[in-house]
Amino acid sequence: MTTSDVTWPRSAGPLTLRPPTPEAVDDILTWRNRPEVTRWLLRTTVDPDAFRTAWLGVVDDPRDQSAVAELDGVVVGTGSLEVRDGMGQSDGDAWRGAEGDLGYLVDPAYAGRGFATAIAGAMLDLAFSELGLHRVTAGCFADNVASWRVMERLGMRREQHGVRDSWHAELGWIDGYTYGILAEEWRSRG
Ligand SMILES: CC(C)(COP(=O)(O)OP(=O)(O)OC[C@H]1O[C@@H](n2cnc3c(N)ncnc32)[C@H](O)[C@@H]1OP(=O)(O)O)[C@@H](O)C(=O)NCCC(=O)NCCS
């Protein structure tokens, strides 16, 4: 399944999610390398040309369902969902392409308005309702409180607390969290 096989655009609260265009990627680049954005990312500062190529390539990548989030036509964030194999025995293949890695970014000018929660919720809906995934996970630095609050608000479980398992360029080895949610948990949310 490619990005073009998925139903776009998708609503995310007040936002609209759609596949990236060259103009939208240039909009992301106006804030993507700001220190407030890169502080807790693994992939910190990005090269604009490499970023453009990677983002525009997702449209044809069946395992990458990344999208831009717009508010009244302005790109205020991004959501990403990379499909990958789960863990499983070689007899059978239910685990192939059964899991997703979730990611989200919000332009700092629009932070604190629930937009990351809306984006991540819409990406989980895509993962479970349309792609039929079994499980979605996401990782973050333990100190990135805003990020794990987003995941907890959506009902994701903290499955791992890695003690000093994550390298941060300024802080050295610090703690990391992994969150997860199953399709049945998403469907039975109150
Ligand atoms: C983390 C990020 C996605 C949050 O986006 P957002 O749109 O501000 O998030 P929301 O408004 O949906 O919700 C944020 C939650 O975190 C809380 N929060 C926001 N900023 C916070 C801060 N500095 N410290 C503690 N909590 C914070 C909010 O109160 C809310 O939690 P609550 O519902 O318990 O009140 C955004 O700041 C961002 O893009 N950061 C840079 C990239 C990044 O770190 N991405 C995640 C990588 S794992």
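# Briefing: a ligand shell, two cores and selected residues

Trp40 sits in the loop that connects α2 with α3 (48–57). The model described here is predicted. In this model 22 residues surround a ligand, and the largest nonpolar core has 41 residues. The points below begin with Trp40 and its part of the chain, then turn to the ligand, the cores and some single residues.

**Trp40 and Thr38**

- Trp40 has a relative accessible area of 16%, so this residue counts as buried, the limit being under 20%.
- Leaving out residues up to four places away in sequence, Trp40 touches Phe141, Asp143, Asn144, His168, Leu171 and Ile174.
- Trp40 and Arg84 are 44 residues apart along the chain, and 23 Å separates their C-alpha atoms.
- Thr38 belongs to helix α2, which covers residues 35–38.
- With 11% relative accessibility, Thr38 is buried.
- The contacts of Thr38, not counting residues up to four places away in sequence, are Arg32, Asn33, Thr44 and Thr45.

**The ligand and its shell**

- Among the 22 residues around the ligand, the closest are Gly112, Gly114, Thr117, Arg149 and Arg153.
- Val106 has a backbone N or O atom 2.8 Å from an oxygen atom of the ligand.
- A polar backbone atom of Arg113 lies 3.5 Å from an oxygen atom of the ligand.
- For Ala146, too, a polar backbone atom is 3.5 Å from an oxygen atom of the ligand.
- The ligand taken alone exposes 950 Å², and the protein buries 70% of that area.
- Two or more residues of the shell come from each of α2, β5 (99–106), α4, β6 (135–141) and α5 (145–153).
- Which element gives the most to the shell around the ligand? It is α5, with six residues.
- Sorted by class, the shell around the ligand holds twelve nonpolar, six polar and four charged residues.

**Nonpolar cores**

- In soluble globular proteins, nonpolar side chains tend to be buried together.
- Within the largest nonpolar core, of 41 residues, the members that touch the most others are Leu17, Leu102, Leu124 and Val136.
- Helix α4 (residues 115–130) supplies the largest share of this core, eleven residues.
- Apart from this core lies another, made of twelve residues that include Val37, Val46, Phe51 and Val75.
- Leu124 touches Leu102, Val136, Leu154, Met156, Ile181 and Trp186, when residues up to four places away in sequence are not counted.

**Arg10 and the start of the chain**

- The peptide bond from Trp8 to Pro9 is cis, and its omega is near -5°.
- Pro9 is part of the segment before β1 (10–12).
- Arg10 is in strand β1.
- Is Arg10 buried or exposed? Arg10 is buried, at a relative accessible area of 12%.
- A polar atom of the Arg10 side chain lies 3.1 Å from the backbone oxygen of Thr7.
- The side chains of Arg10 and Asp125 are joined by a polar contact of 3.4 Å.
- Beyond its neighbours within four places in sequence, Arg10 contacts Leu15, Thr16, Leu17, Ala122, Asp125, Leu126 and Glu130.

**Two residues with positive phi**

- Asp72 is not a glycine, yet its phi is positive, at about 50°.
- Asp72 lies in the loop between β3 (67–71) and β4 (74–84).
- The relative accessible area of Asp72 is 74%, which means that the residue is exposed, the limit being over 50%.
- Arg164 is not a glycine either, and has a positive phi of about 45°.
- Arg164 is found in strand β7, residues 157–168.
- Arg164 is exposed, with 55% relative accessible area.

**His134**

- His134 is located in the loop between α4 and β6.
- At 42% relative accessibility, His134 is partly exposed.
- In sequence His134 and Ala94 are 40 residues apart, while from C-alpha to C-alpha they are 9.3 Å apart in space.
- Not counting residues up to four places away in sequence, His134 touches Ala98, Phe128, Ile181, Leu182 and Ala183.

Methods. Residues numbered from 1 in each chain as written. Predicted model: local features only at pLDDT ≥ 70, side-chain atom pairs only at ≥ 80, totals over all residues. Heavy atoms only, no water. Helix = DSSP H or I, 4+ residues; strand = E, 2+ residues; numbered from the N terminus. Buried < 20%, exposed > 50% of the residue type's maximum accessible area, 1.4 Å probe, protein only. Contact = heavy atoms within 4.5 Å. Core = buried A, V, L, I, M, F, W, Y, C linked by side-chain atoms within 4.5 Å. Near = heavy atom within 4 Å. Polar contact = N/O pair within 3.5 Å; in protein donor to acceptor, adjacent residues only side chain to side chain. Areas by Shrake-Rupley, 256 points an atom, 1.4 Å probe, with all protein chains shown as cover. Nonpolar A, V, L, I, M, F, W, Y, C, P; charged D, E, K, R; others polar.
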